[in-house]
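Biologist: I'm new to this structure and would like a close look at one part of it. Could you start from a single residue and then work outwards?

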Amino acid sequence: MPSLFVIRGNDQGTRFELEEAILRLGRDKSSAIHVHDTEVSRHHAEFRRTHRDFTVSDLNSSNGTFVNGKRVNQHLLASGDQVQVGVTLMLYTGPSEESHGTIGNSVDIAAQATPDDHSRIIHSVSQSEGSRIFDAHADLSQNSWLARARSNLQVMYHTALAVSHTLDIDQLLNRIMELIFEWVEADRGCVMLFDPDTRRLDPRVRRTRNNAEQGDKIMISKTILDFVVEKNEGVLTSDARQDDRFNPGASILKLGVREAICVPMQGRYHVVGVIYIDTSTSPQQILERGGTARRFTEDHLKLMIAIGHQAALAVEDTRYYSAMVQAERLAAIGQTIATLSHHIKNILQGIRGGSYLIEMGLTEHDESIVGKGWKIVDKNQNKISALVLDMLTFSKEREPDLTTANINAVVRDVVDLMQTRAQEELVELAYQPAENMPDLVFDPEGIHRAVLNIVTNALDAVTDLDSPGRVAVITRYLLEKNVVQIEIRDTGPGIAADQLSKLFSPFVSTKKSRGTGLGLPVSQKILTEHGGKIIVDSLPGQGACFTLELPAVSPTTSSTTSRDAT
Amino acid sequence: MDGRRNVLIVDPSDETRVVLQTALERRGMQTMAASHAKQGLALARQHHPDLIVLDLEIDPSGPDEVAAPFAEQSRIDHAALVLLGSVRRRQPLSPGEYVTKPYHYAPLIRKIEEILSAKDMETNRAVAVCDSWK
């Protein structure tokens, strides 16, 4: 609720709440704002709601209406304005602000200091001097200096923590502003960052102390911003008149004092933005504080510079990191597309070959050629569907479709499926199921896919060997570890040590035209979804052994996991 | 040699080998096939085919490295060379025909037939020249 608080005159201490849209001020008793001041006309002035604030209009009064010491006919009030009628001085407070509004509209850079703005720079500290925050002061006793240094150190430590814990710039700046508010009696604060493209300062974070009765917008003078950015110096400003500032008896003191600190965010390479905080000390508060209005000190300024530096480094770091991640992502996408199109191209080539044979067989009425062609088309059709399934499995976050089944049966299906191919290629594919395998809860389709990918790899590894290859599939139920193992062992060339680390990286294949680079990553993902893992054991020249291990979840004990078992 | 044209297919894909062998044999040619470059080169040196179809992706060593020994062999044997590759090349690296993958089989087979019949005409002319010397 906007209000006028009388800080001087017969009505000192009275608060007039501006409830109506139009209120009249005067000596007349009927006035909504009735002041006891002989120098005020009966119908002196009018307050009219304009958007959220009020406009004061002088009603041709004898002695005039003054805002911030200047006579006005009409004036749109802003929070903190001082309205004077006769000898009565009132402080205008605007509507309370929302804590989270659109930031863009709540911070303004004033192109020029308003004539009423008496803010001056009373201190400026070079960015490079920010590191001197822990310098001892001659005028402070050792203990108080130590206490303050410790508190400062704590602020810096928390800032460093905040910086290291997040990669989101806005979140980081919010946290830093929060820390600043915990440490210094600021009423409002904002962080502005230079837009990397336009080089304009954009407000990114804005914070207001809850009980602060402040104006809607934070107005920051462009002169001060330019000074901070160009000179790379932090500034401490105050609008208190120099002569009266430390004199509790002076009347001007009762108007309250606004102080502000504005520091550059100096990064490794550039000034990336500014941090601004301000505070207004009301007359009551000045009295409570024993007459001193100063809340911001040079120490605050120095520490703010150090915080600004930390924050700037974090902003730069985050930006470079994002750029790097983006570049890596683009490279990965490029590799993915290259691998996929290569694989799809091979499938297409196969389908064209098969179709060509079918056409030839039909023209020549030779069914054996049609059959040959059909076999090729069919095989490539399966390749496409396997590729699509792998891509889907890999791309989605999914829950395994848990149901009660027997691992032995699932692995048997895979071995049967691959037996034809093994025979064609004169490879021995042996299966040795565990005799003690109980029914367990798992995703049979997923495990089928995971085992199939690895058996396919094993067959690929032993094809085209000089000696006949062998692939052995073994299942085990390890009661003591309560896990199930599916072991696939081949007599192929094995895996080179430098390839082991890339084994589960997607779209990396050593199988040339045959591999999509998705098989192992997909199998691993399925096992991970089951809380299991894939163990690889291989020495070059001695074959490879892949062990799929997953926890044995019994149907009776898995009430929470076996949602599909019911 | 029974007078039939002899074609060697060097391609890692068993499907491609089956399709080309089936189609070319239907057209009265003799075929041989290899799934590895080394094996293919051995066949070429042993049987001196009239034409070699070579997939340049048969070996990860790179298309130029794969093609070089075959180009050399085809020069010695006066064999034609048809190269199957992924990227369209600026300049064929040998006196061979270059076909970009994925290709259609009908034009490829037509091309193989054309090359072989052109070779036939050349041979016939050579034979005619030889005859005139007599």
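Leaving aside its neighbours within four places in sequence, which residues is I176(A) in contact with?

Modeller: Keep in mind that this is a predicted model. Once its neighbours within four places in sequence are set aside, I176(A) is in contact with T159(A), A162(A), I307(A) and A311(A). One of these partners, A311(A), turns up again when we look at the largest nonpolar core, which has 45 residues. Along with I176(A) itself, A311(A) is among the members that touch the most others, and I261(A), C262(A), V274(A) and I275(A) complete that group. Helix α6 of chain A, residues 298-363, gives the most to this core, with 10 residues. In soluble globular proteins, nonpolar side chains tend to be buried together.

Let's follow the strands outwards from there. Strand β19 of chain A covers residues 271-281 and runs antiparallel to β14(A), with six bridges joining the two. Take C190(A) as an example: its bridge partner in β19(A) is Y276(A). β14(A) itself spans residues 188-194 and is mostly covered, with six of its seven residues buried. β14(A) also has seven bridges to β15(A), residues 201-208, and that pairing is antiparallel too. Here G189(A) stands opposite R207(A). Six residues lie between the two strands of this hairpin, and R199(A) takes a positive phi near 60° in it.

The second core is a separate one, with 39 residues, and V411(A), I447(A), V471(A) and V522(A) are included in it. Two of those names lead to a pair of helices: I447(A) in α9(A) and V522(A) in α11(A) are both listed where these helices meet. Helix α9 covers residues 444-462 and helix α11 covers residues 519-529; they pack at an angle of about 145°, with axes 9 Å apart. The crossing of α9(A) past α11(A) is left-handed. On the α9(A) side the contact also includes G446(A), R449(A) and A450(A), while L520(A), I526(A) and L527(A) are among the residues of α11(A). Sorted by class, this contact has seven nonpolar, six polar and two charged residues.

α9(A) also has strands beside it, lying across β23, β24 and β26 (544-551) of chain A and running at about 20° to β24(A). Those three strands belong to an open sheet of five, ordered β21-β23-β24-β26-β25, in which the pairing is mixed. At the edges stand β21 (428-432) and β25 (533-538) of chain A; each has a single partner strand, so one side of each is left without a neighbour in the sheet. From one strand to the next, the twist averages 15°. Inside the sheet, β23 (residues 470-478) and β24 (residues 483-490) of chain A run antiparallel, joined by eight bridges. One of the partnerships there links R476(A) with Q485(A) in β24(A). Strands of a sheet pair through backbone hydrogen bonds, either parallel or antiparallel.

Chain A has another open sheet, this one of six strands in the order β2-β1-β11-β10-β7-β8, and its pairing is antiparallel. Its edge strands are β2 (15-17) and β8 (70-72), each pairing on one side only. Ignoring direction, neighbouring strands in this sheet are turned by 30° against each other on average. Between β7 (residues 65-67) and β10 (residues 82-85) of chain A there are three bridges, and these strands run antiparallel. V67(A) has V83(A) in β10(A) as its bridge partner.

Now step back to the whole chain. Chain A holds 11 helices and 26 strands, and of its 566 residues, 39% are buried. Among contacts between residues at least 6 apart in sequence, 65% join residues at least 24 apart.

Finally, chain A touches chain B, in a contact that takes 15 residues from chain A and 17 residues from chain B. On the chain B side, α1 (14-26) and α4 (105-133) each supply at least two residues. The biggest share of that side comes from α1(B), with seven residues. By class, the chain B side divides into eight nonpolar, five polar and four charged residues.

Technical notes. Residues numbered from 1 in each chain as written. Chains lettered and ligands numbered in written order. Predicted model: local features only at pLDDT ≥ 70, side-chain atom pairs only at ≥ 80, totals over all residues. Buried ≥ 20, exposed ≤ 12 C-beta atoms within 10 Å, placed from the backbone. Helix = DSSP H or I, 4+ residues; strand = E, 2+ residues; numbered from the N terminus. Pairing = 2+ DSSP bridges. Axes fitted to C-alpha atoms, helices over the stretch in contact; angles between N-to-C directions. Left-handed = near helix turned anticlockwise from the far one by under 90°. Contact = placed C-beta atoms within 7 Å. Nonpolar A, V, L, I, M, F, W, Y, C, P; charged D, E, K, R; others polar. Core = buried A, V, L, I, M, F, W, Y, C linked by C-beta atoms within 7 Å.
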